[in-house]
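Subject: Structure handover

Hi,

Here's the structure I said I'd pass on, with my notes underneath. Have a look at it first, then read on.

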Amino acid sequence: MSSKSAFQTATGDSLPADISCRWPLFVLLSGAVFWLLAGSILTLIGTIKFHAPDFLAEPAWLTYGRVRPAGLNAMIYGFCLPSALGLTLWLLARLGRTTLAGAIPVVFGGLLWHLGVGAGVVGVLSGDATGFEHLEFPSYAVAMIAASYLVLGVAGVLTFRQRAERGLFVTQWFLLAAIFWFPWIYSTATILTSVYPVRGMAQAVVGWWFSANLILVWFGLVGLGIVFYLLPRLLDRELESHYLAMFVFWMLILFGTWTGIPKTAPVPAWIPMMSKVTTVLAGLALLGAALILHRTLGADYRLLSTDPSLMFAGFAVASFVIAGFMGIAEVLSGASSMLHLSWYATARSWLQLYGFFAMALFAGIYYVWPQLTGRPFPLPRLVRLHFWLAASGVMLAVIPLAVGGIVQDGNHANPEMAFVDVAKGTLTFLRISSIGDVLTLAGHFLLALNVLLAIGAFCWDRVRIALRTATIELQEQGVNS
Amino acid sequence: MNYGPLVFLAAFAALAASWFGFVLTPHLQIGHLQQTNTVPSGVSYPVARSGLAQQGLQVYRANGCAYCHSQQVAQTGTLFDLVLTNPGTNQASTVAAIQSINPRLSQPEVLEIIGKVPVHLLTMVSKSTAEAAAKTVNATGANAVPWIVPIGPDIQRGWGSRRTVAEDFLFDYPVLPGSQRIGPDLSNVGVRQPDPGWHLRHLYAPASVVPGSTMPPYPFLFEKKKVGRVPSPSALPLSGIATVEDGYEVIPKPEALALAEYLVSLQAYAPLFNAPLSVALGKPTSPTETNSISISGGDKAPSDISMP
Amino acid sequence: MSSGMRATGTRDTVVAEPKASRAPVPVWLFFLLFVLLFWAMYEFDRRGGWFHSQVYTPYRSLAELQRYQPATGGISLERGKVVYETVCALCHNTDGSGKPNQAPPLSGADWVVGSPDRLIRIPLAGLTGPIEVKGQTWNLAMPAMGAALSDDDLAAVLTYMRSAWGNQAEAITPDQVAAVRAALAGRMQPYTAAELQAIP
């Protein structure tokens, strides 16, 4: 079977929704790809320090405790959020049979967002990190990002309001809830940890609450929203089914929003206990998502290989489910297990962040971009190669880390084993996982190359058309005179 | 019928519920904590860290120490020792009672240990066992008290004598409990390593004080310079693999001194109502001492618990 | 191929955005939801501490936590230090070195590390007139600073004095304090050094 969609769809005529989204999405997505590269390079520098602790030890700004949060935040705020928001705006315009409201403000909003991320990454590297995980950006960067979100979020709501198609598709539910939930959690967390910090341990509880709501709930809503659009779109069939998708939606926002407080958190027992039971309950959302994929494909998983975007989307759903069950195993592990403080937890959150969310975003970007430009990506073979690099990279990063974390936890539970030996016991796994990091980075270069060439080709097209028009006009003028 | 607005409202309520539950309620509970008192001594806890240590917390934050080090000691349960504090006067029946609760002790052993009160007669037994045994021993006119011993892998590892609670972080900003144990837990690193000089040498060249350490060095917290007419008194006494070439010395920058002071201030072992434990009269049980209590049975010498 | 074809060309008019079927959610998912909800409530009830702010894992309820508190009524040097610093240190100095013309030293003083019965009487009733401490004669008056302290606190502070600053003497128990307090039978008059010497 040949590729159905992304490379054959667009040959010139674009919908009004696509045209209105063009420049806003160029800004949001190309900036996102830049931060994807920057983030994965910073992460890789952090990883190399496990091979050689003395590597780049001298400059303060390259110490592990700075490059790691800088890399992760570049990934989350630089890549994930702007591309998620860009795809959200496009989906709301497309599904509402309308155009993007406030396209020009969104262009500037996107620029401001990426400037804010730049300020944040530089701030973290220079030692201004707040210390709260996933909220490390210092206040000056947060101010820019929040102002930018105001523009993007309002544009999203206005686009939804002016829709011509009144019937709602499930994706719109997911995306609207996400548009609404992000400013709530982000402002709450920023205000209570940085602007008017609450006292003592309450800060950390707010931080954990934010992290879980961003990584599980927000990523879940947007990522599944995108996948639930792409599956029926690219398979040319109905999503199975509306009610199942709404079931996933409810399980996520009813239970997912209460997860994330680790069991050893120095807080009263009810808080981690609540997180434990809701993590298990949120497992129903995983089952629901898996069922939707399975039923929409009609159990024929080979269909996924018909389009690279489907491959990314299928991988994303699988990661979402596996990462979720890894989380359930983590909370249900025995009282003396410290999996949540081991590499296992890193593996799980990377699977959720990258294996699920970034892969869903790649699926979206590879599908949406050609719709915007009206022409396929210049190097279509690289898209499939990117998938294989990303997929093998994720697996090579996650599986060794998860196994290493389980080994680490087992060794840790044995007080006879010196801690230095526990730490050393994880090094082999860490080293294998950095091969995975290199593969994903290579994939990012392929994406960047395609995006760069696509923008170039698009601009060249415009120039050519403009030139031709001008020539024709000149000729006509010549004839007329 | 249009359910749209209704569903929207329900979704709003679902999201708001988590905000009330996990932001507002914890803020009302934990955010309004006050200084408390240790139990039973009634000493105020915690006391604010020194100004230098607070600066050190900022160095800890800026350099992301919390990405490798947690500050949360887990406690999986609570067991009891039985401690004899007064052998009484009726020696024969006391010895018999002690042998009845711990048959592994021979009569000469019992005679030997009851001369050295306070002494642990039983270790790591359940609450009911300890209380029943106390009753048996006390019936002879001796005095034995159940001794609270928090347990868990972290505690056995010597990372703390009890679990970490919210009070331990009361005056800190930001609060950095960490999420990873690439390095050891630091809740009580100030008890394990009370010497700031050790921390300075460790920060400069980790492997020189902890062989095999995987921690990266932090040379940017120090200044390496030519020795002046007289060597600086604050220069690090380096040895082994960390020596610098002749004529040079390594001076800690103010950030390093602050960080070391903060690390020394990390001592979260006070016995509190919400994290009870028994401590030896006179000196607080340090985590390492707790660690030395063996699980093997009641035949343990009372080396670390004694009246001053 | 149809989606590809439809997506090209005449998309302006014909574009078909995805639809979702109306197939119901499988019943077993709801069944599982109720089972898990039941488990969640059971688990929370068992170990959640019912929202109490003082109950931390591994304790499961306030009642259980209260049963796990250390025996009270004992003496502790930490407590003794606190009492010393609030009641005694103003005159005797925080390091027990005393202050000229205010109070004699306590560190290394025979009066402190010697007979418990003498020592307990000093804070309970006070001391007046000349007294020799570490080879120096002091002639001052000390009020009954300890009369208002509980037996536990007085025992704690005296034990602290007898173990701090290089002093090494056995602890004083609340029982001993209580016995002396009873023996004094409400005596309000301060002791003199000579009177104390008469006590074993």
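Let's start with chain C: a compact globule of 200 residues would have a radius of gyration near 16 Å, whereas this chain comes out at 37 Å. Keep in mind that this is a predicted model. Along the principal axes, the C-alpha atoms of chain C fill a box of roughly 115 × 40 × 25 Å. Burial fits into the same picture: 31% of the 200 residues of chain C count as buried. As for what it's built from, chain C has 10 helices and two strands, and reading along the sequence gives you α-α-α-α-α-α-α-β-β-α-α-α. If you look at the contacts in chain C with a separation of 6 or more, 58% of them join residues 24 or more positions apart.

Next, confidence in chain A. The average pLDDT there is 93, with 97% of the residues scoring at least 70. The stretch to watch is residues 1-11 of chain A, where pLDDT stays under 50. For that stretch the model still has 42 contacts beyond four places in sequence.

Now the sheet in chain B. Three of its strands make an open, antiparallel sheet in the order E4-E3-E5. E4 (119-125) and E5 (143-151) of chain B are the edge strands, each with a single partner, so one side of each has no neighbour in the sheet. On average, neighbouring strands of this sheet are turned by 20° against each other, ignoring direction.

The pairings, strand by strand:

- E3 (residues 77-86) of chain B pairs with E4(B) in the antiparallel sense over four bridges. Leu84(B) sits opposite Val119(B) in E4(B).
- E3(B) also pairs with E5(B), again antiparallel, over nine bridges. Here Leu79(B) is opposite Val149(B) in E5(B).

So is E5(B) enclosed or open, given that it's an edge strand? Seven of its nine residues are buried, so E5(B) is largely enclosed by the rest of the structure. There's a helix to look at here too: H5 (residues 127-138) of chain B lies across E3, E4 and E5 of chain B, and runs at about 165° to E5(B).

On to the nonpolar cores. The largest has 263 residues, and the members that touch the most others are Val205(A), Val227(A), Ala316(A) and Ala363(A). Helix H6 (residues 201-235) of chain A gives the largest share of this core, 26 residues. If you want one residue to zoom in on, try Ala363(A): leaving out residues up to four places away in sequence, it touches Ile226(A), Val227(A), Leu230(A), Ser309(A), Phe312(A), Ala313(A) and Ala316(A). There is also a second, separate core of 30 residues, which includes Val82(C), Val83(C), Ala125(C) and Ala155(C).

Last, where chains A and B meet. The contact takes 57 residues from chain A and 56 from chain B. On the chain A side, the elements giving two or more residues are helices H2 (64-95), H5 (170-195), H6, H7 (242-255) and H13 (419-424) of chain A. Which of them gives the largest share of that side? That's H6(A), with seven residues. H6(A) therefore turns up twice in these notes, as the largest contributor to the side of chain A that touches chain B and to the largest nonpolar core.

Cheers

Definitions and conventions: Residues numbered from 1 in each chain as written. Chains lettered and ligands numbered in written order. Predicted model: local features only at pLDDT ≥ 70, side-chain atom pairs only at ≥ 80, totals over all residues. Rg over C-alpha atoms; globule rule 2.2 N^0.38 Å. Buried ≥ 20, exposed ≤ 12 C-beta atoms within 10 Å, placed from the backbone. Contact = placed C-beta atoms within 7 Å. pLDDT = per-residue confidence, 0-100. Pairing = 2+ DSSP bridges. Axes fitted to C-alpha atoms, helices over the stretch in contact; angles between N-to-C directions. Core = buried A, V, L, I, M, F, W, Y, C linked by C-beta atoms within 7 Å.
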